[in-house]
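Biologist: Before we trust any labels here, can you take me through how each one is earned? Let's put the model up first.

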Amino acid sequence: AIAKQQCNIQQSLSQEAELRAQISEINKEQQALKREQYKVSGKARDRITERLAVLAEKAKKLGVSADVSQSEATFAHGTSDFDARLAKREGGELDGTEELPQSGDPSPAPKLRGHAVVFLEADGAVTSAATGILDDPLRLLRDLLAAVNGELVLTSEWRHDPRLVRFLEGTMARLDMKGISLTTPSVGPRNAQQP
């Protein structure tokens with residue numbers, strides 16, 4: 001499965017590179033046409049203007065396709081990393097005292113022991129801008145986790161702020177809840193731009 005994911009990543013990256021090369025060629029043609037446009041007039045100039053519009057639309061479509069390929073590669077890489085972190089840890093289970101694995105953390109992930117994985121987007125689901133963390137939704141979540149013998153994976157932006165994670169886990173502990181087992185890796189165009 002990991003080899004297939006790596007193959008998908010390589011295909012997406014190759015496709016993105018090919019699309020970006022096509023965009024570069026279009027840009028060169030557009031520059032040449034713009035230089036030529038100033039040398040001609042009348043119908044010749046109109047034809048160049050039409051060709052520039054066609055090239056601009058084509059470059060735009062290729063750019064979207066390249067962005068999709070880049071996102072697919074980034075997502076596949078994040079999924080592969082997440083799967084590897086889940087598979088690597090042998091025997092260790094979170095007991096509430098371990099640090100949560102963070103995105104990009106090379107340490108192995110804890111082995112999930114539940115029968116279900118519940119992904120939590122904290123913003124709005126268990127929080128309110130006016131009152132902070134809401135106990136009632138957390139109680140429902142606690143009951144759900146108990147019913148399915150589940151593990152909780154934090155997916156919201158909260159996972160990037162240790163203070164918010166501690167605040168959430170403190171409230172969960174007060175409500176006699178299991179803690180957060182994992183956080184999801186960061187994937188997407190925002191992180192694709194980073195070195």
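**Labels and cut-offs**

Modeller: Start with a polar atom in the side chain of arginine 159, which sits 3.0 Å from the backbone oxygen of serine 156. This is a predicted model, so local features need pLDDT of at least 70 and side-chain atom pairs count only at pLDDT 80 or more, while totals for chains, interfaces and linings use all residues. Residues are numbered from 1 along each chain as its sequence is written, and side-chain values use heavy atoms, leaving out hydrogens and water.

Biologist: What makes the pair of serine 156 and arginine 159 a polar contact?

Modeller: A polar contact is a pair of N or O atoms within 3.5 Å; within protein, one must be able to donate a hydrogen and the other to accept it, and residues adjacent in sequence count only if both atoms are side-chain atoms. At 3.0 Å, serine 156 and arginine 159 meet the distance limit. The backbone oxygen of threonine 155 is also 2.6 Å from a polar atom of the arginine 159 side chain.

Biologist: Why does arginine 159 have no salt bridge?

Modeller: A salt bridge needs a side-chain nitrogen of Lys or Arg within 4 Å of a carboxyl oxygen of Asp or Glu. For the buried arginine 159, the nearest side chain of opposite charge is glutamate 157, 4.1 Å away, so the cut-off is missed.

Biologist: How do you know that arginine 20 and glutamate 16 form one?

Modeller: Their N to O distance is 3.4 Å, so the pair passes. They are four residues apart in helix α1 (residues 2-37), which puts about one helical turn between them.

Biologist: Why is glutamate 16 called buried, and arginine 20 partly exposed?

Modeller: Buried means under 20% relative accessible area, exposed over 50%, and partly exposed in between (1.4 Å probe, protein chains only). Glutamate 16 has 13%, so buried fits; arginine 20 has 32%, so partly exposed fits.

Biologist: What makes aspartate 136 exposed?

Modeller: Aspartate 136 reaches 54%, so it clears the exposed limit. Its salt bridge with arginine 139 is 3.0 Å, N to O. Salt bridges that share partners join Asp135, Asp136, Arg139 and Arg174 into one network.

Biologist: Why is the phi of aspartate 176 worth a remark?

Modeller: Most residues other than glycine have a negative phi. Aspartate 176 has a positive one, near 65°. With 69% relative accessibility, aspartate 176 is also exposed.

How values were computed:
Lys, Arg positive; Asp, Glu negative; His and termini not counted. Helix = DSSP H or I, 4+ residues; strand = E, 2+ residues; numbered from the N terminus.
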